[in-house]
Amino acid sequence: MAEGDEGELLGHTLSCRGRIGSTEIPELTLLGVLPAYRRCGVGSALVHAILTAADALGVPLVVVLDDPDFYSRFSFRPSTDFVITGPEPGWGDFFQVRTLTAYRPDVRGEFVYPAAHAS
């Protein structure tokens, strides 16, 4: 979450853990910023927070399904560059990967989203 000077919520992000084979992989699932605070660095700060946390946890990469024009500035590239696929081939370049310090080229194959849990 990102808060303003007076404690109001400016933006948020969400990540879930899927897998490629037996390797847990975080997916940047949701990024939202209040309209008045877009293009002010709030979204970028949130993406950097997710990447930093994932890197600190020693995971090899992060995936995202979203606009390549936005996420390329964070070094996300099409998943096919890493021999990684999403569940839907039609996603094309919108399914992207950002490698981290612990990246291993043997982590390849289909990214599987976590199963939904009923409460």
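This passage describes the strands, helix 1, the nonpolar cores and the aromatic pairs of a predicted model.

The strands come first. Strand 2 spans residues 9-20 and pairs with strand 3 in the antiparallel sense. The pairing runs over 10 bridges. Within it, Arg19 of strand 2 has Glu24 of strand 3 as its bridge partner. Strand 2 and strand 3 form a hairpin, with 2 residues between them. Gly21 lies in the turn and has a positive phi of about 65 degrees. Strand 2 also pairs with strand 8, which covers residues 109-112. This pairing is antiparallel too and counts 2 bridges. Here Ile20 has Phe111 as its bridge partner.

Thr23 belongs to strand 3, which covers residues 23-33. The relative accessible area of Thr23 is 16%, so Thr23 is buried. Its side chain makes a polar contact with the side chain of Arg104, at 3.4 Å. Arg104 is also among the residues in contact with Thr23 once neighbours within four places in sequence are left aside. The others are Gly18, Pro60 and Val107.

Helix 1 has 15 residues. From its first C-alpha to its last, helix 1 reaches 21 Å. That is close to the 21 Å expected at 1.5 Å a residue. Seven positions in the helix deserve mention: Val42, Gly43, Leu46, Val47, Ile50, Leu51 and Ala54 are buried. Just after helix 1 comes Gly58, with a positive phi of about 80 degrees.

The nonpolar cores are considered next. The largest has 12 residues. Among them are Leu28, Val47, Ile50, Leu51 and Ala54. Val59, Val62, Val64 and Leu100 belong to this core as well. The aromatic members are Tyr71, Phe74 and Phe76. Helix 1 (42-56) and strand 4 (61-65) are the elements that give two or more residues to this core. Helix 1 gives the most, with 4 residues. Apart from this core lies another, of 10 residues. Its members include Ile20, Ile84, Val97 and Val107. Ile20 thus appears both in this core and in the bridge to Phe111. Val107 is likewise a member of this core and a contact of Thr23.

Phe74, a member of the largest core, touches several residues beyond four places away in sequence. These are Ser44, Val47, His48, Leu51 and Arg98. Val47 and Leu51 are buried in helix 1.

The aromatic rings complete the picture. The count comes to 9 aromatic pairs. In one of them, the rings of Tyr71 and Phe76 have their centres 5.6 Å apart and their planes at 85 degrees. The pair is therefore edge-to-face. Both Tyr71 and Phe76 are buried. Phe111 and Tyr113 form another edge-to-face pair, with 4.9 Å centre to centre and 85 degrees between the planes. The partners of this pair fall into separate exposure classes. Phe111 is buried, because its relative accessible area is 0%. Tyr113 has 27% relative accessibility and so counts as partly exposed. Ring pairs also link Phe70, Tyr71, Phe74 and Phe76 into a cluster. Of this cluster, Tyr71, Phe74 and Phe76 belong to the largest nonpolar core.

Key
Residues are numbered from 1 along each chain as its sequence is written. This is a predicted model: local features need pLDDT of at least 70, side-chain atom pairs count only at pLDDT 80 or more; totals for chains, interfaces and linings use all residues. Side-chain values use heavy atoms; hydrogens and water are left out. A nonpolar core is a set of buried Ala, Val, Leu, Ile, Met, Phe, Trp, Tyr and Cys residues joined through side-chain atoms within 4.5 Å. Buried means under 20% relative accessible area, exposed over 50%, partly exposed in between (1.4 Å probe, protein chains only). Contact means heavy atoms within 4.5 Å. The expected span of a helix is 1.5 Å times one less than its number of residues. A polar contact is a pair of N or O atoms within 3.5 Å; within protein, one must be able to donate a hydrogen and the other to accept it, and residues adjacent in sequence count only if both atoms are side-chain atoms. Rings of Phe, Tyr and Trp (its six-membered ring) pair if their centres lie within 6.5 Å; planes under 30 degrees apart count as stacked, over 60 as edge-to-face and the rest as tilted. Two strands pair if DSSP finds at least two bridges between them.
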